[in-house]
Amino acid sequence: MTLIVSELGTNALLYTASGEESGAFQVALALSDHVIAVSVTDAGGSVTVPEVEHAEKEALRGRGLDIVSSLAHNVSIHGTGQGFTVTAELISHHPGSRPWR
């Protein structure tokens with residue numbers, strides 16, 4: 001979970017107005033018995049839309065959301081009218097597993 005929050009927050013800071021001097025981003029957690037979802041909403045101002053890419057081996061950037069999507073069961077990206085919210089959901093599939101605490 002720490003890696004996912006770090007990646008989504010870093011993307012907000014690097015690629016949107018969230019990284020400006022007065023910028024900010026929001027982190028929200030939703031928890032149920034077997035699902036935990038983390039969402040990061042940026043401050044907008046990006047010229048690109050976040051997307052999961054499969055970067056070339058030599059690329060210096062472009063792996064973050066791919067890593068997040070490999071760790072999470074689902075990654076969704078929604079426009080907010082100002083910026084974007086990226087949500088990663090992790091699910092416990094183990095029969096008889098204990099709920100998240």
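1. Isoleucine 36 faces leucine 90 across the β2–β4 pairing, with leucine 90 belonging to β4. The two strands, β2 and β4 (residues 84–91), run antiparallel to each other and are linked by 7 bridges. The model is predicted, and this register should be read as part of that prediction.

2. On β2 there is also a pairing with β1 (residues 26–31), again antiparallel, over 6 bridges. Within the β1–β2 pairing, alanine 28 is set opposite serine 39 of β2. The connection from β1 to β2 is a hairpin of 3 residues.

3. Strand β2 therefore pairs with β1 and with β4. How many of the residues of strand β2 are buried? The count is 5 of the 7 residues in the strand, which spans residues 35–41, so β2 is largely enclosed by the rest of the structure. In a regular strand, side chains point alternately to the two faces of the sheet.

4. For the fold as a whole, the protein contains 2 helices and 4 strands. Their order along the sequence is α-β-β-α-β-β. Among contacts with a separation of 6 or more, 54% join residues that are 24 or more positions apart.

5. The protein has 101 residues, and 28% of them count as buried. Its exposed area is about 6800 Å², of which carbon and sulfur atoms supply 54%.

6. Is asparagine 11 buried or exposed? Asparagine 11 counts as buried because its relative accessibility is 19%, and the cut-off for buried is under 20%. The residue sits in helix α1, which covers residues 2–15. Leaving aside residues up to four places away in sequence, asparagine 11 touches Thr16 and Leu65.

7. Helix α2 (residues 64–71) includes isoleucine 67. With a relative accessible area of 40%, isoleucine 67 is partly exposed, because that class lies between the 20% and 50% limits. Isoleucine 67 also contributes to a nonpolar surface patch, together with Leu3 and Leu71. The area of this patch is about 270 Å².

Conventions:
Residues numbered from 1 in each chain as written. Predicted model: local features only at pLDDT ≥ 70, side-chain atom pairs only at ≥ 80, totals over all residues. Heavy atoms only, no water. Buried < 20%, exposed > 50% of the residue type's maximum accessible area, 1.4 Å probe, protein only. Contact = heavy atoms within 4.5 Å. Areas by Shrake-Rupley, 256 points an atom, 1.4 Å probe, with all protein chains shown as cover. Patch = residues over 30% accessible without salt bridge, like charges linked within 9 Å, V, L, I, M, F, W, Y side chains within 5 Å. Salt bridge = Lys/Arg side-chain N within 4 Å of Asp/Glu carboxyl O. Pairing = 2+ DSSP bridges.
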